[in-house]
Amino acid sequence: MRATNKPLRALLAAFAVMALALFAVACGDDDSDGATETTDAGASGQIESNPDNSGTSLTIGSKNFTEQIVLGEIFAQALEAAGYDVKTDLNLGSEQIALRSLKSGDVDGYPEYTSTALTSFFDLPAEEVPSDAQEAADQASSEFEGDDVVVFEPTPFVSANAVGLTRETAEELDVETISDLEGVSQDLTLFGSPECRQRVDCLVGLEENYGLEFAEFNPVDIGLRYEVLDKGQADLSILFTTDAQLAGEDSDYVILEDDQEVFPAGNVIFLASGQSVEEAGPDYQDTIELVQSGLTEEVMQELNARVDLDKEDPADVADDYLVETGYIQG
Amino acid sequence: MIEISLLATLGIFGEAIDFIFSQQEAVTGGVQVGGIAQVLELTWTHFWLSVLALLVSVLIAVPVAAYLGHRGTGEFLAVAIGNAGRAIPELALIALLVAYVGVGTVNLLIVLVILGVPPILTNTFVGIRQVDRATVQAARGVGLTEGEIMRRVELPLAVPTIMSGVRTSMINIVATATIAPLAAVLTLGDFILSRNVYGDAGVLAGAILVALLALAFEGTLALIQRLLTPKGLRLADDS
C-alpha cells in the first residue's frame, strides 16, 4: 500500500507546486496592472489633485491593442494625477467583451471608437455612420441612454481603416486615391481581416462603390497586415490610419485617399458607466477630456510607433505624453 | 428564471440552424451570408485541409515512432516531443512562418502537422513497445526479417493504440483549422472569427458545424480502426 501511494503523493506534491507557481504568477500580474506611474499628489501641472477625489476608486479598461492600451494608460495616469485611486484592466479583448465589462462594473470606463460603437453595438449600417465626429458621438450618446452608459466628448484624432501599400508599389502604379486603382486593381491582391470580405465598409464597398475588382482577396490576422506587404504576398492591405508604421513623411508605406468614403472614420469616445460618473464627480470627465485634447492623428501615430516599433512600455509612453504636454509634472 | 434562459438558449440554437440552411443579410448589412452554399464551401475547405494535415502527420509520425519503438530507443524523444508539441501556440507559429512561407495553405499545413504529429508519435511508440516481447521473439524464430516483424507483427498488434493517437490528433487538427481564415484559407472558422458579420447565430452555427465535422471524422476513423485491427485482437476485444 505504502509503496503504491508514494508516486501518487509525489504527483500531488508536484501539482501543488505548479498550482502555487501559477497563483504567484497571476498575483504578480495583478500587482503590475495596478502599478501605474505614481505622480506626486498635488502636482503643480495643469491637472490639480483634488483631495475630494481621494478614496474614489476608478478602474480604467481598454481593448487589447496598442492604441487602446496607450489611451488607457494616458487616462489612468491623468486620473491618478487628479487624485483618484486608479486601477487598470487594459486587456479586454473585443468590443463586445469590453462593453460587457463596463456594464457589469468590472471596469468604470474605456475608450471606444464612434464607428465601432454605432455599427457593432447598435447595428447601424456602416454607410449611415455620421462622418462628423460630434454628430456620431451624440448619436452614440442617445443610443446608450437606456444602458446607463455616459459618452464623453470625442478625441481630435480619427482612426479609420484604409487601403495601404508600400511606397514603392504606390509610385510604380502612380496611385494616390482608391479611385486611381481603377484599371489596375484586377492584377492586385488585397489582404484584410476575415470579416473585411463581407463588409460594406470594406471589400464589398470597394467593389460596389468604387467598381473595383481585385485579383484576389485573402483574409489574414490583422496583426500580419504589414508582414504580408513586406513579404510581397499582398499588393494592397487594409491598414489603420493611426498605425505606427505610417508615422512620418518618409514612411515605407502609404495609404490611399478614400475619395468615395467607404471606410467610416471613428473618433475615440470614452464610455463611462453612469454609476462611476455619479460617484466620481466632475473631475472624472473633465480630466479625460482635457488630456485627450492634444491627441491629433500625428501624435497618436507617434505614440503608437514608440510602442510598436521602438518597443517602449505603453505606461512610459503615456507618462511622457502627459509630461511633455504639461498635464502632469515629470 | 431557468425557463427563460433555457428558451433563450434554444432561441439562439434555432437561429444558428436557420443560419446554416438559409441565407440572410449580414449584421453589417449589404450582403447575403450563411445558407447551405456557403456552409458547404467552407466545410469542404475545412475537410480537405484537415485530411491533408492528418495524412501528412500520420506519414511522418508512424514510421519514425514504429522504428524507434522497434529498436526500443528514443523513448525520451518520442515522449518529450509528444508533450512539448501540445504546448505550441498556433497563432504565434502562423506569424513566425509568414517570414518563410507567407500565409496560405503551406503555412497552415505546417502548423497543423506540428500539432498533429505529437499524439500519433507518442501513441505509436507506446503501442509498439507494448507488444508482447515473446511474440516478437517467436516471429524472429520463424525467420521473419526485422522489417517484416515491424510491418506484420508489431504495427498490426499496436493498431488500437496508434489509432487512438490518430483520433486525438484529428480532433486537435479539426478544431485548430478554425484559425485558418487568419492565414488566407477560408474554413468554417470564418463563421466564428467574423462575429461582426455573421452575428452570434453565425458563430454558433460555425461551432456546431465544426463539432459535426469532428464527429464525422471520429466515426470514419473508428471504422478504419476496426478494419485495420487484426481479427484475433478484435475477438479478444469483443469478449
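**Helix packing, chain contact and sheet organisation in the predicted model**

In the predicted model, helix α2(B) passes helix α7(B) in a right-handed crossing. The first of these helices spans residues 35-71 of chain B and the second residues 146-176 of chain B, and their axes come within 10 Å and cross at roughly 140 degrees. Angles over 145 degrees count as roughly antiparallel, and those outside the parallel, antiparallel and perpendicular ranges as oblique; α2(B) is therefore oblique to α7(B).

On the α2(B) side, the contact is made by Ser50(B), Ala53(B), Leu54(B), Ser57(B), Val58(B), Val62(B), Ala66(B) and His70(B). Helix α7(B) contributes Met150(B), Glu154(B), Leu155(B), Ile162(B), Val166(B), Ser169(B), Met170(B), Ile173(B) and Val174(B). Classified by residue type, the contact of α2(B) with α7(B) comprises 12 nonpolar, four polar and one charged residue.

Between the two chains, 21 residues of chain A are in contact with 21 residues of chain B. Three elements of chain A, namely α4 (114-121), β7 (216-219) and α8 (227-230), each supply at least two residues of the side that touches chain B. This side of chain A has nine nonpolar, six polar and six charged residues.

Strand β7(A), which contributes to the side touching chain B, also belongs to an open sheet of five strands in chain A. The strand order is β7-β6-β8-β5-β9, and the pairing is mixed. Strands β7 and β9 (253-255) of chain A form the edges, each pairing on one side only. From one strand to the next, the twist averages 35 degrees.

Within this sheet, strand β6(A) (residues 189-192) runs parallel to strand β8(A) (residues 236-240), to which two bridges join β6(A). Phe191(A) has Ser237(A) as its bridge partner in β8(A). Strand β6(A) also pairs with β7(A), again in the parallel sense, over four bridges. In this pairing, Gly192(A) stands opposite Pro219(A) of β7(A). The connection between these two strands involves helix α7 of chain A (residues 203-208): β6(A), α7(A) and β7(A) make a right-handed β-α-β unit. Strand β7(A) is thus described by three features: a position at the edge of the sheet, parallel pairing with β6(A), and a contribution of at least two residues to the side of chain A that touches chain B.

Note on methods
Residues are numbered from 1 along each chain as its sequence is written. Chains are lettered from A and ligands numbered from 1 in the order in which they are written. This is a predicted model: local features need pLDDT of at least 70, side-chain atom pairs count only at pLDDT 80 or more; totals for chains, interfaces and linings use all residues. Axes are lines fitted to C-alpha atoms, for helices over the stretch in contact, and angles run from 0 to 180 degrees between N-to-C directions. Angles under 35 degrees count as roughly parallel, over 145 as roughly antiparallel, 65 to 115 as roughly perpendicular and the rest as oblique. A crossing is left-handed if the near helix is turned anticlockwise from the far one by less than a right angle, and right-handed if clockwise. Two residues are in contact if their C-beta atoms, placed from the backbone, lie within 7 Å. Ala, Val, Leu, Ile, Met, Phe, Trp, Tyr, Cys and Pro count as nonpolar, Asp, Glu, Lys and Arg as charged, and the others, Gly among them, as polar. Two strands pair if DSSP finds at least two bridges between them. A crossover is right-handed if, with the strands pointing away from the viewer, the path from the first strand over the helix to the second runs clockwise.
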